[in-house]
Amino acid sequence: MSTNVGTFDRILRAILGVALLYLAFFSGLPAFDAGLSKIATAGVGGVMLIVAALRMCPLYSIFGLRTCRVC
């Protein structure tokens with residue numbers, strides 16, 4: 001498991017993950033009250049936070065992409 005997510009990408013994913021989790025659980029918007037959309041939004045937000053924390057994206061590994069300079 002090698003690092004393939006750079007700093008800017010990591011920060012962007014963390015912000016997006018927190019925003020999606022907020023929308024899923026605390027926004028109160030009708031679009032996120034339905035079960036499937038709430039679960040999907042929370043799932044994607046959680047995955048974004050995990051990737052930001054681990055600095056390793058499985059999709060980047062499959063396609064051979066890297067956004068970090070030093071890795």
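**Group meeting: a three-helix chain**

Let me start at P58, which sits in helix α3, residues 58-63. P58 is partly exposed, with a relative accessible area of 46%. Its C-alpha atom lies 9.2 Å from that of M1, although 57 residues separate P58 and M1 along the chain.

Bear in mind that this is a predicted model.

Now the overall layout. The chain has 3 helices and 0 strands. Along the sequence, the pattern reads α-α-α. The C-alpha atoms fill a box of roughly 45 × 20 × 15 Å along the principal axes. There are 71 residues, and 27% of them count as buried. Take the contacts in the chain with a separation of 6 or more: residues 24 or more positions apart account for 75% of them.

What does the record say? UniProt, in an unreviewed entry, places "domain: Inner membrane protein YgaP-like transmembrane" at residues 1-69. In the model, that span is 65% helix and 0% strand. The end C-alpha atoms of residues 1-69 lie 17 Å apart.

Next, the charged pair. Side chains of opposite charge can pair when their charged atoms come close. How many salt bridges does the structure hold? The count is 1. The partners are D9 and R13, at 3.1 Å from N to O. Both sit in helix α1, residues 7-25, and they are 4 residues apart, so about one helical turn separates them. Are D9 and R13 buried or exposed? Both are buried.

R13 has another partner to mention. M48, in helix α2, residues 35-54, touches R13, L16 and G17, leaving out residues up to four places away in sequence. M48 also lies 10 Å from D9, C-alpha to C-alpha, with their positions 39 residues apart in sequence.

On to the start of the chain. Where is N4 found? N4 is in the segment before α1. N4 counts as buried because its relative accessibility is 3%, and the cut-off for buried is under 20%. Which residues does N4 contact, setting aside neighbours within four places in sequence? The list is R55, M56, C57, Y60, S61, L65, R66, T67, C68 and C71. One of these, C57, deserves a closer look. A polar atom of the N4 side chain lies 2.8 Å from the backbone nitrogen of C57.

C57 itself is buried, at 6% relative accessibility. And disulfides? The count is 0. C57 is in no disulfide, and the nearest cysteine sulfur, that of C68, is 12 Å away. The cut-off is a sulfur pair within 2.5 Å, so C57 and C68 do not qualify. Both C57 and C68 are among the contacts of N4, though.

Last item: aromatics. A pair of aromatic rings is described by the distance of the centres and the angle of the planes. A search of the whole structure finds 1 aromatic pair. The rings belong to Y22 and F26, 6.3 Å centre to centre, with 35 degrees between the planes. That makes the pair tilted. Y22 is partly exposed at 46% relative accessible area. F26 counts as exposed, at 64% relative accessibility.

To recap. D9 and R13 form a salt bridge, and both are buried. N4 is buried too, and its side chain reaches the backbone nitrogen of C57 at 2.8 Å. Y22 and F26 supply the tilted aromatic pair.

Note on methods:
Residues are numbered from 1 along each chain as its sequence is written. This is a predicted model: local features need pLDDT of at least 70, side-chain atom pairs count only at pLDDT 80 or more; totals for chains, interfaces and linings use all residues. Side-chain values use heavy atoms; hydrogens and water are left out. A salt bridge is a side-chain nitrogen of Lys or Arg within 4 Å of a carboxyl oxygen of Asp or Glu. Helices (H or I, at least four residues) and strands (E, at least two) are DSSP runs, numbered from the N terminus. Buried means under 20% relative accessible area, exposed over 50%, partly exposed in between (1.4 Å probe, protein chains only). A polar contact is a pair of N or O atoms within 3.5 Å; within protein, one must be able to donate a hydrogen and the other to accept it, and residues adjacent in sequence count only if both atoms are side-chain atoms. Contact means heavy atoms within 4.5 Å. UniProt positions are given in the numbering used here, feature names are shortened, and annotations may be inferred rather than shown by experiment. Rings of Phe, Tyr and Trp (its six-membered ring) pair if their centres lie within 6.5 Å; planes under 30 degrees apart count as stacked, over 60 as edge-to-face and the rest as tilted.
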